[in-house]
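Visitor: I would like a close look at one part of this structure. Please take me through how two helices pack together, and then show me what lies around them.

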Amino acid sequence: MTSNSKILSFEVFPPTTQIGSTNLVKTLDSLRTLSPDFISVTCSNNNYDNIGDTTIKFADYVNNTLDIPAVAHLPAAYLDKAQVIEILERLKDKQIKKILALRGDISDEPMKDDFKFASDLVKFIKDYDDSFEVLGACYPDIHPESVNRVSDFHYLKEKVDAGCDRLITQLFFDNDSFYDFQERCAIAEINTPIFAGIMPVINRNQILRLLKNCNTPLPAKFIRILEKYEHNLIALRDAGIAYAIDQIVDLVTEDVAGIHLYTMNNANTAHSIHASISSLFTFCYIIKVM
């Protein structure tokens, strides 16, 4: 990969219905034509059976049918070491060697004791088989459970020191937050490549979910877009795509390591964005088997 190469990757989430699964396969087939460097597959919940039935299933399709490197999300708060080993072996059998190691969302049920923090999972994977490439999550606008920014960077540093190879940010809408985060990482000697997570907001339901579940600050410019076009479906879609493109152009101009697009399983949005930014990238496939 040349020094000016940038990574462009996509994220999809497994649906919970057969119709949704069929539609996701069509989405993935469409995303393939954009030649992403990898596609990550999330989990709809944190239990062991779900990870096997959905995440691994679609990561296998990405990796071995589409021949695009797949990243399997692995939230481990409700898994024990034996279950994680079984998942790792299933991934190895399918030649999936990239994992996004997560603690995962916490519900009312008690967590298991083996993986209380993502750093525990990162270290366990690396100790078990160092050939896995382990990615981690990070939060430019601070993790919602962190008591303060100092604590947030302390735990991020632990995760990187445990063996995390790359970082992908939670979504953000203010690039200055990302640049400030990068500087703080450098000061903390966190030198792992950081991919910027970008989510194009294209409909009202996304807005409502963001306002309810996300602690990411919304810039005044973004709020004005939402207020003006909230009830105009076409205008909001176009404005949301334009806002994401503007973010990406700025980030690539400032030499971000990579862009990770949260597609929300919408191939049309990804194609619209790609048409405007593809010339900014020197595409380079990540070798599938390290």
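Guide: Start with helix 3 (residues 81–93) and helix 4 (residues 118–128). This is a predicted model. In it, the two helices pack at an angle of about 55°, and their axes are 11 Å apart. That angle makes helix 3 oblique to helix 4. The crossing of helix 3 and helix 4 is right-handed.

Now look at the residues that meet. Helix 3 brings K81, V84, I85, L88 and E89. Helix 4 brings L121, F124, I125 and Y128. By class, the contact of helix 3 with helix 4 holds seven nonpolar residues, two charged ones and no polar ones. Why does such a set of positions recur along a helix? An α-helix has 3.6 residues a turn, so residues three or four places apart point the same way.

Stay with helix 4. Which of its residues are buried? They are A118, S119, L121, V122, F124, I125 and K126. Three of these, L121, F124 and I125, also meet helix 3. But helix 3 is just one part of the cover. The buried residues of helix 4 are also covered by strand 3 (70–75), strand 4 (98–102), strand 5 (133–138) and helix 5 (149–161), among others.

Those strands belong to a barrel. Eight strands close into it in the order 1-2-3-4-5-6-7-8, and the pairing is parallel. Neighbouring strands of this sheet are turned by 25° against each other on average, direction ignored.

Follow the barrel round to strand 6 (residues 166–169) and strand 7 (residues 194–198). They pair in the parallel sense over two bridges. I168 stands opposite F195 in strand 7. Helix 9 (residues 233–253) packs on the sheet here, touching strand 7 and strand 8 (258–262). The direction of helix 9 makes about 165° with that of strand 7.

Helix 9 gives you a second helix pair to set beside the one we began with. Helix 6 (residues 175–187) and helix 9 pack at an angle of about 30°, with their axes 10 Å apart. The two are therefore roughly parallel to each other. Their crossing is right-handed. N175, F178 and Y179 in helix 6 meet Q247, D250 and L251 in helix 9. This contact has three nonpolar residues, two polar and one charged.

How values were computed. Residues numbered from 1 in each chain as written. Predicted model: local features only at pLDDT ≥ 70, side-chain atom pairs only at ≥ 80, totals over all residues. Heavy atoms only, no water. Pairing = 2+ DSSP bridges. Helix = DSSP H or I, 4+ residues; strand = E, 2+ residues; numbered from the N terminus. Axes fitted to C-alpha atoms, helices over the stretch in contact; angles between N-to-C directions. Contact = heavy atoms within 4.5 Å. Parallel < 35°, antiparallel > 145°, perpendicular 65-115°, else oblique. Left-handed = near helix turned anticlockwise from the far one by under 90°. Nonpolar A, V, L, I, M, F, W, Y, C, P; charged D, E, K, R; others polar. Buried < 20%, exposed > 50% of the residue type's maximum accessible area, 1.4 Å probe, protein only.
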